[in-house]
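Thank you all for coming; I would like to take a few minutes to walk through one structure with you. Please have a look at it on the screen first, and then we will go through it region by region.

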Amino acid sequence: MVKICCIGAGYVGGPTMAVIALKCPHIEVVVVDISVPRITAWNSDQLPIYEPGLEDIVKQCRGKNLFFSTDVEKHVAEADIIFVSVNTPTKTRGLGAGKAADLTYWESAARMIADVSKSNKIVVEKSTVPVKTAEAIEKILMHNSKGIEYQILSNPEFLAEGTAIDDLFKPDRVLIGGRETPGGQKAIQALKAVYANWVPEDRIICTNLWSAELSKLAANAFLAQRISSVNAMSALCEATGADVAEVAHAIGRDTRIGSKFLNSSVGFGGSCFQKDILNLVYICECNGLPEVATYWKQVIKINDYQKSRFVNRVVSSMFNTVSGKKVAVLGFAFKKDTGDTRETPAIDVCNGLLGDKALVSIYDPQVTEEQIQRDLSMKKFDWDHPIHLQPMSPTAVKQVSVVWDAYEATKDSHAICILTEWDEFKNLDYKRIYDNMQKPAFVFDGRNIVNAEKLREIGFIVYSIGKPLDGWLKDMPAVA
Ligand code: NAI
């Protein structure tokens, strides 16, 4: 029996290994992590992450060929294939701070593998890492090898949170990069054989190591760039009376452009896009390519612009101040169908409103109060560095309330900001909400999910991103 061990029981390690265990009953899969609470949760009825379909799979396989453990060293020593799926956050200090990937977690995992291994291993980079990381990992392993043979593969993960299980069941492609040596090619075939249990062969792409590593950064950069492009258009639409949804539909019909990933919104979030682009920018700068770096940096600048434009729109529409006003925030997760708040645009929007002294009342179906309060009091980039966590700021705590119902959040509020596209926000009883709000009652739809016309009929003043402005908003000061 082949034994797989995955280091890192997070959003990637957990679901990916659960699907491998389900599709490969003949393989034993152990997911290990240094975080005791995380492993305890994986072994309980309350999984540490919310992902549609995940719970069923874990229940089917756990205890049969899928295990979660904190005994990292034992399971690494026993495994034939070791996936490393630890976090690779942006560095907060020292050389490359604010841009470069912090590979501390990766390096410590590699050193531990070298320490405990007694048999040959295939080590698979599952985390998103800077191109050429495999070379560094190889050096650590080879210089501590004790005669053991290691093959390093790059097998970046392309799943999207919220649809992770579907993405893993039917991936557009699986990418495996390895050394162009007989040993490297043999390792590629071994990993390919795992995926071949459910992924058609023509969807498994094999490349050299550097292409695989860079492809993941490139894919995230291209995806984020599409969002920033359509968001940049949304600002122009508002200024000219064009409708960004109509523009996106019209351009998306061109098969060279395609219709997916063209929804305008308050901005992209999630743990990956910003971090991976910053990392790409840093790599370009280090390779003497400042023009390329500047090009990609702009994707993040537009994303930041979109978030601050949204806040400015809220404040300027409400007579240029939200001080002391209750603002309901519907949705805090960075997208629907996940409880993940890492880099969610809601953090920047809420902080912007709090900076203008609003009283913010937040409801999200999957995010806890503790998480929200922590997110709103943390410094940029610190979320993925547990060591640097700041104590909660008393201001944030006082100005923010977290409630478990959209009606409670909106009661007596002056405005509603929709920041996550949860389906339930489409079907709320907006008449009831309107009746319980201060007037004039505003809706700022950061995801373009409500029917603006219907809401206007009820009496709301509605702002939808990239759509023609209603009369009220046109009369308010211009937004920069
Ligand atoms: P995560 O933060 O949810 O999970 C990482 C886990 O690794 C944590 O539970 C942490 O305790 C553990 N860990 C860190 N160092 C360790 C060590 N030395 N030994 C054992 N466990 C250790 O991160 P997530 O979201 O799963 O991401 C992991 C990697 O996958 C990152 O590089 C990310 O960029 C990449 N990725 C993430 C995607 C996502 O949608 N979240 C999608 C594709 C790639």
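Which of the 25 residues around the ligand come nearest to it? Before I reply, please keep in mind that what you see is a predicted model. The residues that come nearest are D33, R38, T88, E161 and K275. If we sort the shell around the ligand by class, we find eight nonpolar, 10 polar and seven charged residues.

Let me go through some of the polar side chains at the ligand. In the side chain of K275, an N or O atom is 2.6 Å from an oxygen atom of the ligand. E161 places a polar side-chain atom 2.7 Å from a nitrogen atom of the ligand. For S108, the distance between an N or O atom of the side chain and a nitrogen atom of the ligand is 3.4 Å. How much of the ligand does the protein bury? The ligand taken alone exposes 830 Å², and the protein buries 92% of that.

Next, the cysteines, since someone at the bench will surely ask. How many disulfides does the structure hold? The number is zero. C24 takes part in no disulfide, and the nearest cysteine sulfur to it, which belongs to C61, is 9.9 Å away. Seen from the other side, the cysteine sulfur closest to that of C61 is the one in C24, and because they are 9.9 Å apart, that is too far for a bond. C24 has a relative accessibility of 0%, so it counts as buried. C61 is buried as well, with a relative accessible area of 5%.

Now to two of the helices, beginning with α10, which covers residues 244-252. Here V244, A248 and G252 are buried. Why do these residues lie on the same side of α10? They do so because the arc they cover around the axis is only 65 degrees. On the face of α10 that is turned away from this buried side, we find the exposed residues E246, H249 and A250.

In α13, the buried residues are P345, A346, I347, V349, C350, L353 and L354. G355 also has its place in helix α13, but G355 counts as exposed, because its relative accessibility is 62%. As for its distance from another part of the chain, the C-alpha atom of G355 is separated by 25 Å from that of V299, and these two residues are 56 apart along the chain.

After α13 comes K357, and this brings me to the backbone. As a reminder, most residues other than glycine have a negative phi, and most peptide bonds are trans. K357 is not a glycine, yet its phi is positive, at about 70 degrees. This residue lies in the loop between α13 (345-355) and β10 (359-363), and with 56% relative accessibility K357 counts as exposed.

A second positive phi belongs to F261, where the value is near 60 degrees, again in a residue other than glycine. F261 is found in the loop between α10 and α11 (273-286), and it is partly exposed, its relative accessible area being 39%.

Which peptide bond should we look at for a cis geometry? The bond that joins K439 and P440 is cis, with an omega of about -5 degrees. P440 sits in the loop between α17 (430-435) and β13 (442-445).

I will finish with two more loop residues and their partners in space. V450 is found in the loop between β13 and α18 (452-458), and because its relative accessibility is 12%, V450 counts as buried. Although V450 and L428 are 22 residues apart along the chain, their C-alpha atoms are separated by 9.5 Å. V12 has its place in the loop between β1 (3-7) and α1 (13-23), and V12 is partly exposed, with a relative accessible area of 25%. From V12 to K126 the chain runs over 114 residues in sequence, while in space the two are 8.2 Å apart, C-alpha to C-alpha.

Methods:
Residues are numbered from 1 along each chain as its sequence is written. This is a predicted model: local features need pLDDT of at least 70, side-chain atom pairs count only at pLDDT 80 or more; totals for chains, interfaces and linings use all residues. Side-chain values use heavy atoms; hydrogens and water are left out. A residue is near a molecule or strand if one of its heavy atoms lies within 4 Å of it. A polar contact is a pair of N or O atoms within 3.5 Å; within protein, one must be able to donate a hydrogen and the other to accept it, and residues adjacent in sequence count only if both atoms are side-chain atoms. Accessible areas come from the Shrake-Rupley method with a 1.4 Å probe; for residues, only the protein chains shown count as cover. Ala, Val, Leu, Ile, Met, Phe, Trp, Tyr, Cys and Pro count as nonpolar, Asp, Glu, Lys and Arg as charged, and the others, Gly among them, as polar. A disulfide is a pair of cysteine sulfur atoms within 2.5 Å. Buried means under 20% relative accessible area, exposed over 50%, partly exposed in between (1.4 Å probe, protein chains only). Helices (H or I, at least four residues) and strands (E, at least two) are DSSP runs, numbered from the N terminus. The arc is that of the directions from the helix axis to the C-beta atoms.
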